[in-house]
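Here are my notes on the model, set out as numbered points. Please read them with the structure open.

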Amino acid sequence: MNIVEFHQKIEQIWDEIEEQLEAQDCDADCERQGSVFTITLGDRSQIVINKQEPLLELWLASHNGGFHFAYKNGRWVSNDGLDFWQALTEALAKHGEQVQLG
């Protein structure tokens with residue numbers, strides 16, 4: 001994947017996150033600022049997703065920890081096989097938001 005494709009895929013996943021959270025009536029506000037996408041939840045806690053251009057990775061930081069995802073076979077997965085959507089769903093559940101993403 002080249003840099004242009006990487007940025008397109010990140011923008012696409014950020015759009016999908018916003019659409020899915022809104023469709024499921026999740027108590028969350030999404031904000032994009034440069035390479036950082038922040039989800040602020042009703043309890044004022046945050047989940048931060050950012051793009052790491054030099055590594056072509058998507059990073060997620062939450063109360064569940066920090067995870068690094070690479071794009072492989074059409075999906076974002078961590079080195080240990082964790083799917084991005086699963087990690088985000090679990091992070092939101094930790095804050096009481098029961099949604100199903102992906």
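1. Buried means under 20% relative accessible area, exposed means over 50%, and partly exposed covers what lies in between. By that rule E53 counts as partly exposed, because its relative accessibility is 35%. The model discussed here is a predicted one.

2. Overall make-up. The chain has two helices and six strands. Read from the N terminus, the order of elements is α-β-β-β-β-β-β-α. The strands thus come between the two helices in that order.

3. Dimensions. For 102 residues, a compact globule would be expected to have a radius of gyration near 13 Å, and the chain agrees because its own value is 13 Å. Along the principal axes, the C-alpha atoms fill a box of roughly 35 × 25 × 20 Å.

4. Burial and contacts. Of the 102 residues, 40% count as buried. Taking contacts between residues at least 6 apart in sequence, 38% join residues at least 24 apart.

5. Surface and charge. The accessible surface of the chain is about 5800 Å², and carbon and sulfur atoms account for 42% of that. The side chains include 7 positive and 18 negative ones. The centres of these two sets are 6 Å apart.

6. Helix α2. What does this helix, residues 84–94, bury, and against what does it pack? Its buried residues are F84, W85, A87, L88, T89, A91 and L92. They pack against helix α1 (3–23) and against the strands β2 (36–41), β3 (46–52), β4 (57–62), β5 (65–72) and β6 (75–77).

7. The two ends of α2. At the start of the helix, a side-chain oxygen of D83 comes to within 2.9 Å of the backbone nitrogen of W85. After the helix comes G96, which has a positive phi near 85 degrees.

8. T89. This residue belongs to helix α2. Its relative accessible area is 12%, so T89 is buried. A polar atom of the T89 side chain lies 2.8 Å from the backbone oxygen of W85. Leaving out residues up to four places away in sequence, T89 touches V99, Q100 and L101.

9. K51. Is this lysine, placed in strand β3, buried or exposed? K51 is buried, because its relative accessible area is 11% and the cut-off for buried is under 20%. Not counting residues up to four places away in sequence, K51 touches F6, H7, I10, E11, W14, G34, S35 and E57. With one of these, H7, the side chain of K51 makes a polar contact of 3.1 Å. As for distance from α2, the C-alpha atoms of K51 and L92 are 19 Å apart, with the two positions 41 residues apart along the chain.

10. E53. This residue sits in the loop between β3 and β4. Setting aside residues up to four places away in sequence, E53 touches I3, F6 and H7. The side chains of E53 and H7 are joined by a polar contact of 2.6 Å. H7 therefore deserves a look from both sides, because K51, a buried residue, also has a side-chain polar contact with H7.

11. D25. Where does D25 lie? It is in the loop between α1 and β1 (28–33). Its phi is near 55 degrees, a positive value in a residue other than glycine. D25 counts as exposed, because its relative accessibility is 70%. From E53, D25 is 28 residues away in sequence, and the two C-alpha atoms are 31 Å apart.

12. R44. This residue lies in the loop between β2 and β3. R44 is not a glycine, yet its phi is positive, at about 75 degrees. With a relative accessibility of 72%, R44 counts as exposed, since the cut-off for exposed is over 50%.

13. Points to check on screen. For positive phi values, look at D25, R44 and G96. For polar contacts of side chains, look at H7 with K51 and H7 with E53. In helix α2, look at D83 with the backbone nitrogen of W85 and at T89 with the backbone oxygen of W85.

Key:
Residues numbered from 1 in each chain as written. Predicted model: local features only at pLDDT ≥ 70, side-chain atom pairs only at ≥ 80, totals over all residues. Heavy atoms only, no water. Helix = DSSP H or I, 4+ residues; strand = E, 2+ residues; numbered from the N terminus. Rg over C-alpha atoms; globule rule 2.2 N^0.38 Å. Buried < 20%, exposed > 50% of the residue type's maximum accessible area, 1.4 Å probe, protein only. Contact = heavy atoms within 4.5 Å. Areas by Shrake-Rupley, 256 points an atom, 1.4 Å probe, with all protein chains shown as cover. Lys, Arg positive; Asp, Glu negative; His and termini not counted. Charge placed at Lys NZ, Arg CZ, Asp CG, Glu CD. Polar contact = N/O pair within 3.5 Å; in protein donor to acceptor, adjacent residues only side chain to side chain.
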